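Please open the model in a viewer and keep the selection tool at hand. The stops below are given in the order in which they may be selected.

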Amino acid sequence: QVQLQESGPGLVKPSQTLSLTCAVSGGSITTRGYFWSWIRQPPGKGREWMGAIAYSGNTYYTPSLKSRTSISRDTSKNQFTLQLSSVTPADTAVYYCARGSGGYSTYDYLGQGTQVTVSS
């Protein structure tokens with residue numbers, strides 16, 4: 001069974017770039033048909049799909065975050081990375097990585113999530 005583990009700093013200063021990594025075990029990120037996503041949940045709000053990288057390496061982003069978001073991968077380490085630039089306190093959230101197989105914005109396996117707070 002696939003397992004996903006997020007890692008990265010828990011505190012980021014405003015205007016800086018948030019960078020998180022998702023380590024994947026129990027399956028390859030290049031396996032055909034799978035999409036590897038980043039999702040976030042701000043306090044008191046629902047989950048928001050941010051973007052994904054496909055098994056092919058193609059990337060997809062939600063329009064509202066596209067200008068600030070970059071998702072990349074390291075196939076040798078079987079991991080993928082989120083970078084979110086110019087963060088503000090509104091980007092404070094629990095960030096999850098996930099795997100989906102029903103399209104680029106779907107997901108069926110989530111990591112445990114990691115809290116990121118944007119504050120000076």
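Begin by selecting Asn78 in this predicted model. Its relative accessibility is 15%, and Asn78 therefore counts as buried, the limit being under 20%. Asn78 belongs to the loop that runs between strand S7 (69-74) and strand S8 (79-84). Inspect the backbone here: although Asn78 is not a glycine, its phi is positive, at about 55°.

Select Ser15 next, for a second backbone of this kind. Phi of Ser15 is near 80°, again a positive value in a residue other than glycine. Ser15 is placed in the loop between strand S2 (11-12) and S3. Is Ser15 buried or exposed? With 60% relative accessibility, Ser15 counts as exposed, whereas Asn78 counts as buried.

**The disulfide**

Now display the cysteine sulfur atoms. The structure holds one disulfide, and this bond joins Cys22 to Cys97 with an S to S distance of 2.1 Å. Which parts of the chain does the pair tie together? Cys22 lies in strand S3 (residues 18-25) and Cys97 in strand S9 (residues 93-100), so the link connects parts that are 75 residues apart in sequence. Turn the view to look along the S-S bond: the angle about it is 65°, and the link of Cys22 and Cys97 is right-handed. Colouring by accessibility shows that Cys22 counts as buried, at 0% relative accessibility. Cys97 likewise counts as buried, with a value of 0%.

**From Cys97 to Tyr109**

Keep Cys97 selected and add Tyr109, which touches Cys97. Tyr109 is found in strand S10 (residues 109-110). Leaving out residues up to four places away in sequence, Tyr109 touches Gln1, Val2 and Leu4, as well as Cys97, Ala98 and Arg99. At 29% relative accessibility, Tyr109 counts as partly exposed. To set a distance across the view, pick the C-alpha atoms of Tyr109 and Ser120: these residues are eleven apart along the chain, and the two atoms are separated by 33 Å.

**Pro42 and its contacts**

Move to Pro42, in the loop between strand S4 (35-41) and strand S5 (48-54). Which residues are in contact with Pro42 once its neighbours within four places in sequence are left aside? They are Thr92 and Ala93. Next, select Val94 as well: its C-alpha atom is 6.3 Å from that of Pro42, although their positions lie 52 residues apart along the chain. Pro42 has 13% relative accessibility and counts as buried.

**Ile53 in strand S5**

Follow the chain from the Pro42 loop into strand S5, where Ile53 has its place. Ile53 is buried, with a relative accessible area of 4%. Show the side chains around Ile53: apart from residues up to four places away in sequence, Ile53 touches Phe35, Trp36, Asn58, Thr59, Ile71, Ser72, Arg73 and Phe80. For a distance to compare with the view, pick Gly26, which is 27 residues from Ile53 in sequence and 18 Å from it in space, C-alpha to C-alpha.

**The whole chain**

Finally, clear the selection and display the full chain as a cartoon. How many helices and strands does the protein chain contain? There are zero helices and eleven strands, and the pattern along the sequence reads β-β-β-β-β-β-β-β-β-β-β. The radius of gyration is 13 Å, close to the 14 Å that the globule rule gives for 120 residues, so the protein chain is as compact as a globular protein of that length. Drawn along the principal axes, a box of roughly 40 × 25 × 25 Å holds the C-alpha atoms.

With a contact map open beside the viewer, consider contacts between residues at least 6 apart in sequence: 54% of them join residues at least 24 apart. Switch then to a surface representation. The protein chain exposes about 6000 Å², of which carbon and sulfur atoms supply 45%. Of the 120 residues, 41% count as buried; Ile53 is one of the buried residues visited above. As a last selection, colour the charged side chains: 10 are positive and 5 are negative, and the centres of the two sets lie 3 Å apart.

Terms used. Residues numbered from 1 in each chain as written. Predicted model: local features only at pLDDT ≥ 70, side-chain atom pairs only at ≥ 80, totals over all residues. Heavy atoms only, no water. Disulfide = S-S within 2.5 Å. Helix = DSSP H or I, 4+ residues; strand = E, 2+ residues; numbered from the N terminus. Buried < 20%, exposed > 50% of the residue type's maximum accessible area, 1.4 Å probe, protein only. Rg over C-alpha atoms; globule rule 2.2 N^0.38 Å. Contact = heavy atoms within 4.5 Å. Areas by Shrake-Rupley, 256 points an atom, 1.4 Å probe, with all protein chains shown as cover. Lys, Arg positive; Asp, Glu negative; His and termini not counted. Charge placed at Lys NZ, Arg CZ, Asp CG, Glu CD.
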